Amino acid sequence: MDHTVDVLIIGFGKAGKTLAPYLAKQGLSVIVVEQSSQMYGGTCINVGCIPTKALAHQSHLIAQYGLGNTEARQERYAQAILEKDELVTMLRGKNLKMVNEQSGVTVITGKASFLTDHIVEIKTQDGTILVEASRILINTGAKPIIPDIPGIQNSKVYTSTELLNLGKLPERMAIIGGGYIGLEFASIYAGFGTEVTILEQGATFLPREDQDIASEVRTVLEQKGIRIELQSHVVQIEDIEKNEVQLDLSSPDGLKEWRGNAVLVATGRAANTDGLNIEAAGIQLTARGFIQVDDKLQTNKQHVWALGDVNGGPQFTYISLDDYRIIKDHWFGTGLRTTSDRKTVPTSVFIDPPLSRVGLSETEALQQGYDIRVVKLPVTASTRARQLKQTDGLLKAIVDSKTEQLLGFTMFGAESSEVVNIVSVFMNSSQPYTVLRDTIFTHPSMSEMLNDLLNLV
């Protein structure tokens, strides 16, 4: 046996990289194994929220202020990709240093595979390493789902990870999938000047949102030149010219063709367990292929836990961070913290402007039998929005008529990703909506719209 340790963490994601230094400070011996030196720090830093939001910011600036002709946009896009790469490289190195050099944790770059439920084989460039661990944390994240479409293994077809490394701005792009990841990339590339078409198999746009919100989002996206085609099924993908690809589509109107320079596949994400040899450890999976855990993130093996996207929970880096808190409390605290404590988790989709929500939608509240009051306010009512020249959007609040508690809040508008955090903290306080309605906010600000919105209840 090459190493015998207290804790082995497989994957350098948010939960694992935060836990590793903490566990080392508690006197435990810790190894973190990551299969790629390009993924130190996890999905968020390298191929997720950080690089996409960096591009979204540059795209927003170009869309708002303009940047001349196609050549100028190409140059600005190339510069944005370069700046994104520099940011990611800096953060990747910072994360490695934080875990490896500053905390005493051993980081091994290689592919981990279970031999037994306590012994893991790690294949590195220099050979194979065997590690026996008393406790094991699986933190390997998720990966894009590649649908079974003839011709999808095409050089012009990209996953979200691959698209982030595309150096040349495509003139025309199709996005297969109208979910949140697809919408973010649609907004980014449309802002840079790409002609974007979203192809969604379903009959409803943004089915998880109330339809008044979804309709507002669709209107704004279409005003940016984004085409949204529902009930559109990709039958085949084929090259037609050196720089072009063709999609054969089936729709209620019959067969269609789309031609362009790039295709993004954004049809969901699956657990990243390839090669882990989970079966050898006897670890159970869910029907969807994620690692099955209880409300304390423990698998059916009492000494193995699964953290972050790989356990099938909400796929956000801040949920992975909360997984760290659960393990910390379970191992060294009260043992009372669980996933069921996450009653109001805010979300933001970084389209332009961002769409943010916390709590129940109107549809969900009615389905759960609440007697509700619903109020809405257009973003145009905000002085701050007019100053920012970002007046698109809508705010919506759902209030329980009996308890006067705020059940849900949605904001499609500028700076909603910040405003929703205020509402989330407030909802966790379990106070009546009137407290937030009468809270004093700075002026001018987007958050003060909460006063005006809740005054309508």
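1. A cavity, as the word is used in this note, is a set of points on a 1 Å grid over the protein atoms alone where a 1.4 Å probe fits but cannot get out, and its lining residues are those that have an atom within 4 Å of a point. The structure under review is a predicted model, and a search of the whole of it finds one cavity of 30 Å³ or more.

2. The largest cavity has a volume of about 60 Å³, and its lining is made up of Pro 144, Ile 145, Thr 159, Ser 160, Ile 181, Val 265, Ala 266, Thr 267, Gly 268 and Arg 269. Sorted by class, this lining of the largest cavity comprises five nonpolar, four polar and one charged residues.

3. Turning to the helices, α4 (residues 70–101) packs with α6 (residues 180–192) at an angle of about 135°, and their axes lie 9 Å apart. Angles over 145 degrees would count as roughly antiparallel and those from 65 to 115 as roughly perpendicular, and α4 and α6 are therefore oblique to each other. On the side of α4 the contact is made by Arg 73, Arg 76, Tyr 77 and Ala 80, while α6 brings Tyr 189, Gly 191 and Phe 192; by class, the contact of α4 with α6 has four nonpolar, one polar and two charged residues.

4. One open sheet consists of three strands in the order β12-β13-β14, paired in the antiparallel sense. Because β12 (233–241) and β14 (254–260) stand at the edges with a single partner strand each, one side of each is left without a neighbour in the sheet. From one strand to the next, the twist of this sheet averages 25°. Between β12 and strand β13 (residues 244–251), which run antiparallel, there are seven bridges, and Asp 239 is found opposite Val 245 in β13.

5. Another open sheet is formed by five strands in the order β18-β19-β22-β21-β20, again with antiparallel pairing. Its edge strands are β18 (347–349) and β20 (372–378), each of which pairs on one side only, and the twist averages 10° from one strand to the next. Within this sheet, strand β21 (residues 394–400) pairs with strand β22 (residues 406–412) over six bridges in the antiparallel sense, and Lys 396 has Thr 410 in β22 as its bridge partner.

6. A helix also belongs in the description of the five-stranded sheet, since helix α7 (residues 211–223) lies across β19 (355–359), β20, β21 and β22 and runs at about 170° to β21.

Methods:
Residues are numbered from 1 along each chain as its sequence is written. This is a predicted model: local features need pLDDT of at least 70, side-chain atom pairs count only at pLDDT 80 or more; totals for chains, interfaces and linings use all residues. Side-chain values use heavy atoms; hydrogens and water are left out. Two strands pair if DSSP finds at least two bridges between them. Helices (H or I, at least four residues) and strands (E, at least two) are DSSP runs, numbered from the N terminus. Axes are lines fitted to C-alpha atoms, for helices over the stretch in contact, and angles run from 0 to 180 degrees between N-to-C directions. Contact means heavy atoms within 4.5 Å. Angles under 35 degrees count as roughly parallel, over 145 as roughly antiparallel, 65 to 115 as roughly perpendicular and the rest as oblique. Ala, Val, Leu, Ile, Met, Phe, Trp, Tyr, Cys and Pro count as nonpolar, Asp, Glu, Lys and Arg as charged, and the others, Gly among them, as polar. On a 1 Å grid over the protein atoms alone, a cavity is a set of points where a 1.4 Å probe fits but cannot get out, and a pocket is an open set with protein on both sides within 12 Å along at least five of seven lines; lining residues have an atom within 4 Å of a point. Grid points are joined across faces, edges and corners, and a volume is the space filled by probe spheres set on the points.
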